[in-house]
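The following exchange asks how the terms applied to a structure are justified. Each reply sets a value against the definition that it has to meet.

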Amino acid sequence: MDKTEIDWLLYEKEAENNGYTLVCGVDEAGRGPLAGPVFAAAVILPKGHIVEGVNDSKKLSEKKREMLFDKIKEEALAYSIASASEKEIDELNILQATYLAMQRAIEGLEPKADFAMIDGNRIPPLDIPAEFVIKGDAKSASIACASILAKVSRDRYMLKMAEKYPEYQFEKHKGYGTKLHYEMLDKYGESEIHRKTFLKTWYAKK
């Protein structure tokens with residue numbers, strides 16, 4: 001990351017200036033796919049610390065994200081990764097399921113956070129004070145770290161699902177609605193890990 005262009009700790013410093021000592025960044029991965037859970041991660045970095053090489057997960061190669069995954073876990077003061085299943089997504093809707101994954105991630109931190117910075121434009125119901133940061137994974141060091149942990153964790157999960165359901169070729173699309181994925185759906189129908197509420201358009205064409 002180019003530290004001359006952006007103060008990656010600006011939001012963390014603001015929260016600390018307001019009296020908070022354990023500030024976590026929170027992000028999710030997998031809101032859009034047709035299959036699999038939505039993942040979320042929460043990360044508390046040591047005060048003033050930036051993990052070298054961290055950037056918005058979408059701007060990093062898969063190889064770089066994999067390398068940073070272990071580095072973030074080693075250097076973080078605390079981290080937690082959680083998910084909400086495809087069944088919970090169907091029952092609650094994707095927004096509420098994403099909130100649930102974020103809540104689980106924050107609750108899993110040890111030590112506990114006393115303030116949360118959430119990537120996006122909404123804040124889930126939480127037991128601690130929080131703020132949202134639009135495009136936070138490109139502005140905040142701890143949110144960027146959370147985005148990498150969530151993204152890598154979900155990708156690894158979908159690779160396991162590719163072994164369990166090889167016919168869908170999840171290793172190629174990670175559950176997103178690509179042309180290949182829809183072709184496999186047409187050929188094999190839905191699996192246990194498909195989100196039924198995300199397949200309405202596909203159902204309508206059957």
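Q: What makes a residue part of the lining of a pocket in this predicted model?
A: A pocket is an open set of grid points with protein on both sides within 12 Å along at least five of seven lines, and lining residues have an atom within 4 Å of a point. By that criterion the largest pocket is lined by 15 residues, and Glu28, Ala29, Gly30, Lys58 and Tyr176 lie nearest its centre. The space in this pocket comes to about 260 Å³.

Q: Which elements supply at least two residues of the lining of the largest pocket?
A: They are β1 (23–29) and α5 (141–164). The most comes from α5, which gives four residues.

Q: How do the residues of the lining divide into nonpolar, polar and charged?
A: Asp, Glu, Lys and Arg count as charged, and ten residues of the lining fall in that class. Three others are polar and two are nonpolar.

Q: How do you know that the length of α5 agrees with its number of residues?
A: The expected span is 1.5 Å times one less than the number of residues. For the 24 residues of α5 this gives 34 Å, and the end C-alpha atoms are 35 Å apart, so the two values agree.

Q: Why is α5 called largely enclosed?
A: Buried means under 20% relative accessible area. In α5, 17 of the 24 residues are buried, and therefore the rest of the structure largely encloses this helix. The strand β1 is also largely enclosed, because six of its seven residues are buried.

Q: What makes β1 a paired strand on each side?
A: Two strands pair if at least two bridges are found between them. Four bridges join β1 to β4, and these strands run parallel; here Cys24 stands opposite Ala116 in β4. With β2 (residues 38–44), β1 has six bridges in the antiparallel sense, and Asp27 stands opposite Ala41 in β2.

Q: Why are β3 and β5 said to stand at the edges of the sheet?
A: The open sheet has five strands in the order β3-β2-β1-β4-β5, with mixed pairing. Both β3 (78–84) and β5 (130–133) have a single partner strand, so one side of each is left without a neighbour in the sheet. On average, neighbouring strands of this sheet are turned by 20° against each other, direction ignored. The partner of β5 is β4 (residues 115–119), paired in the parallel sense over four bridges, and Ile118 stands opposite Phe132 in β5.

Q: Lys135 and Gln169 both have phi near 55°; which is called buried and which exposed?
A: Exposed means over 50% relative accessible area. Lys135, in the loop between β5 and α5, has 61% and is therefore exposed. Gln169, in the loop between α5 and α6 (170–173), has 18% and is therefore buried. In each case the positive phi belongs to a residue other than glycine, for Lys135 and for Gln169.

Q: Why is Ala113 called buried?
A: Its relative accessible area is 8%, which is under 20%, so Ala113 meets the definition. Ala113 is placed in the loop between α4 (94–107) and β4. Its C-alpha atom is separated by 8.1 Å from that of Thr21, 92 residues apart along the chain. Pro111 is found in the loop between α4 and β4, and the peptide bond from Glu110 to Pro111 is cis, with omega near 10°.

How values were computed:
Residues numbered from 1 in each chain as written. Predicted model: local features only at pLDDT ≥ 70, side-chain atom pairs only at ≥ 80, totals over all residues. Heavy atoms only, no water. 1 Å grid on protein atoms, 1.4 Å probe; cavity = no way out; pocket = protein on both sides within 12 Å on 5 of 7 lines; lining within 4 Å. Points joined across faces, edges and corners; volume = space filled by probe spheres on them. Buried < 20%, exposed > 50% of the residue type's maximum accessible area, 1.4 Å probe, protein only. Axes fitted to C-alpha atoms, helices over the stretch in contact; angles between N-to-C directions.
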